[in-house]
Amino acid sequence: MNRNLLAGLAAGAAGATALNAVTYADMALRGRPPSTTPEETVARVEELTGRGLPGGEQVAGHRRSGLGALLGLVTGTGVGLVYGLVRSRLDRAPALLLVLGAAVAANVGSAVPMALLGVTDVRDWDADAWLSDLVPHLAYGATTAATWELLSGK
């Protein structure tokens, strides 16, 4: 694997960590509940495939929670890999455009599958829901872009 892709993978992991940190800080500061959409996404896949998770309902619920969190990490690192591939070809792109591109890609990478599965409909989100989603994704974009720059040697 080349240096740009490895830098992208690490940058995506750092970005996912930043996204989670901002999300958890928001939950702690505002006392808001965690999103249930990751677990609902896993449950929807169970419904569509006709295959449930093993264990009783409580154990399956814990598995859904873990799998939902893992989906976020897979999205974050996957977007980071793509970022590393694309970024290496955009030598003169403005930093703000790179940050926004990574943020939007991560947002799309998480929201579109959930929308396609019928878990959420972004058209129904209020301003608070958008803020709770966009701010962590901006943190993802900024961290991913900055980390790639540090690691890529460019």
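This note goes through the fold, the surface and one aromatic pair of a predicted model.

1. Overall fold. The protein chain is built from five helices and has zero strands, so that its order along the sequence reads α-α-α-α-α. The radius of gyration is 17 Å, close to the 15 Å that the globule rule gives for 154 residues, and the chain is therefore as compact as a globular protein of that length. Along its principal axes, the C-alpha trace spans about 50 × 35 × 25 Å.

2. Contacts and burial. Of the contacts between residues at least 6 apart in sequence, 80% join residues that are at least 24 apart. Buried residues account for 33% of the 154 residues in the protein chain.

3. Surface and charge. The protein chain exposes about 9,000 Å², and carbon and sulfur atoms supply 67% of that area. Its side chains include 12 positive and 13 negative ones, with the centres of the two sets lying 11 Å apart.

4. An aromatic pair between helices. The count of aromatic pairs comes to two, and one of them is formed by Tyr 83 and Trp 148, whose rings are edge-to-face at 6.4 Å centre to centre, with 75° between the planes. Because Tyr 83 lies in helix α3 (residues 57-87) and Trp 148 in helix α5 (residues 127-152), the pair ties together parts that are 65 residues apart in sequence.

5. Setting of that pair. Tyr 83 is buried, with a relative accessible area of 8%, and Trp 148 is likewise buried, with a relative accessible area of 0%; both values fall under the 20% that marks a buried residue.

Terms used: Residues numbered from 1 in each chain as written. Predicted model: local features only at pLDDT ≥ 70, side-chain atom pairs only at ≥ 80, totals over all residues. Heavy atoms only, no water. Helix = DSSP H or I, 4+ residues; strand = E, 2+ residues; numbered from the N terminus. Rg over C-alpha atoms; globule rule 2.2 N^0.38 Å. Buried < 20%, exposed > 50% of the residue type's maximum accessible area, 1.4 Å probe, protein only. Contact = heavy atoms within 4.5 Å. Areas by Shrake-Rupley, 256 points an atom, 1.4 Å probe, with all protein chains shown as cover. Lys, Arg positive; Asp, Glu negative; His and termini not counted. Charge placed at Lys NZ, Arg CZ, Asp CG, Glu CD. Phe/Tyr/Trp six-rings, centres within 6.5 Å; stacked < 30°, edge-to-face > 60°.
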